[in-house]
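Here is a walk through a structure you may not have met before. Take a look at it first, and then we'll go through it piece by piece.

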Number of protein chains: 2
Amino acid sequence: MKARVHVMLKNGVLDPQGEAVRHALGALGFEGVEGVRQGKVIELELADGTSEDTIRDMCEKLLANTVIESYRIEVL
Amino acid sequence: MKARVHVMLKNGVLDPQGEAVRHALGALGFEGVEGVRQGKVIELELADGTSEDTIRDMCEKLLANTVIESYRIEVL
């Protein structure tokens, strides 16, 4: 089975990488870019029958820093 | 309007970051993790009416390195 985990910085946490992308888009002539946030996607190839609880455990222990990041699990 | 761009390494391109995550999950005792690929998500806050073509242009010029990465655009 496959699962996808999306990890984004929480709202209110400064995102310098996103800001850099916003500036670069402006410099390239793209107008109207009001905000950019950058996050991670992690695609996992797991043994069949792995529960969503196990994936949540992976997120809490390794994949996301829950102090500043939120995550969303999508089982494919 | 909001758009989300997913950028992943193409199949066949070595993903050391994903490999590191796979090893770390194994070391933490999670079994059955057969593969991990890590990519980026970029959330864009754009002026209303920005066309998907413009977003594709942003991907080609800045957001993705199309030699080794593929991207997917999702307008929210």
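**Where the two chains meet**

Let's start between the chains: the rule finds 0 salt bridges across the interface of chain A and chain B. Keep in mind that this is a predicted model. What you do get between chain A and chain B is 10 residue pairs in polar contact, with both residues at pLDDT 80 or more. On the chain A side, the residues touching chain B come from several elements: strand 1 (2-9), helix 1 (16-27), strand 2 (33-46) and helix 2 (52-63) each supply at least two. Strand 2 of chain A gives the most to this side, with 14 residues. Sort the residues of this side by type and you get 16 nonpolar, 6 polar and 9 charged.

How many residues of each chain are in contact? There are 31 from chain A and 31 from chain B. Together, chain A and chain B bury about 2600 Å² between them, and 68% of that is on carbon and sulfur atoms. Three residues stand out here: A:Phe30, A:Val41 and A:Leu62 supply 20% of the area that chain A buries against chain B, more than any other three residues.

Now follow strand 2 from one chain to the other. Strand 2 of chain A pairs with strand 2 (residues 33-46) of chain B in the antiparallel sense, over 13 bridges. To see one of the pairings up close, find A:Val36, whose bridge partner in strand 2 of chain B is B:Leu44.

B:Val41 is a good place to stop, sitting in strand 2 of chain B. Is B:Val41 buried or exposed? It counts as buried, because its relative accessibility is 1% and the cut-off for buried is under 20%. Leaving aside neighbours within four places in sequence, B:Val41 is in contact with residues of both chains, including A:Met8, A:Gln38, A:Val41, B:Arg4 and B:His6. B:Arg4 is 37 residues away from B:Val41 in sequence, yet the two are 6.7 Å apart in space, C-alpha to C-alpha.

Next, have a look at strand 1 (residues 2-9) of chain B. Of its 8 residues, 7 are buried, so this strand is largely enclosed by the rest of the structure. Strand 1 of chain B runs antiparallel to strand 2 of chain B, and 6 bridges join them; here B:Val5 stands opposite B:Ile42. Strand 1 of chain B also pairs with strand 3 (residues 69-75) of chain B, again in the antiparallel sense, over 7 bridges. In that pairing, B:His6 stands opposite B:Arg72.

B:Met8 belongs to strand 1 of chain B too, and counts as buried at 13% relative accessibility. Not counting residues up to four places away in sequence, B:Met8 touches residues of both chains, among them A:Val41, A:Glu43, B:Gln38 and B:Ile68. B:Met8 and B:Arg72 are 64 residues apart in sequence and 8.7 Å apart in space, C-alpha to C-alpha.

Over in chain A, strand 1 holds A:Arg4. This arginine is buried, with a relative accessible area of 15%. A polar contact of 3.2 Å joins the side chains of A:Arg4 and A:Glu43. Among the other residues that A:Arg4 touches are A:Ile73, A:Leu76 and, from the other chain, B:Arg72.

That brings us to the salt bridges, of which a search of the whole structure finds 12 over all chains. In one of them, A:Glu19 meets A:Arg22, with the closest N and O atoms 3.0 Å apart. Why are these two separated by about one helical turn? Because they are 3 residues apart in helix 1 of chain A. A:Glu19 is partly exposed at 33% relative accessible area, and A:Arg22 is partly exposed at 26%.

Helix 2 of chain A offers another, a salt bridge between the side chains of A:Asp53 and A:Arg56 (3.1 Å, N to O). A:Asp53 is exposed, with 56% relative accessible area, whereas A:Arg56 is partly exposed at 36%. A:Asp57 and A:Lys61 form a salt bridge as well, with 3.6 Å between the closest N and O atoms. Being 4 residues apart in helix 2 of chain A, A:Asp57 and A:Lys61 are separated by about one helical turn. Finally, A:Arg4 comes back: salt bridges that share partners join A:Arg4, A:Glu43 and A:Glu74 into one network.

Methods:
Residues are numbered from 1 along each chain as its sequence is written. Chains are lettered from A and ligands numbered from 1 in the order in which they are written. This is a predicted model: local features need pLDDT of at least 70, side-chain atom pairs count only at pLDDT 80 or more; totals for chains, interfaces and linings use all residues. Side-chain values use heavy atoms; hydrogens and water are left out. Contact means heavy atoms within 4.5 Å. Buried area is the accessible area (1.4 Å probe) that two parts lose on being put together, summed over both. A salt bridge is a side-chain nitrogen of Lys or Arg within 4 Å of a carboxyl oxygen of Asp or Glu. A polar contact is a pair of N or O atoms within 3.5 Å; within protein, one must be able to donate a hydrogen and the other to accept it, and residues adjacent in sequence count only if both atoms are side-chain atoms. Ala, Val, Leu, Ile, Met, Phe, Trp, Tyr, Cys and Pro count as nonpolar, Asp, Glu, Lys and Arg as charged, and the others, Gly among them, as polar. Two strands pair if DSSP finds at least two bridges between them. Buried means under 20% relative accessible area, exposed over 50%, partly exposed in between (1.4 Å probe, protein chains only).
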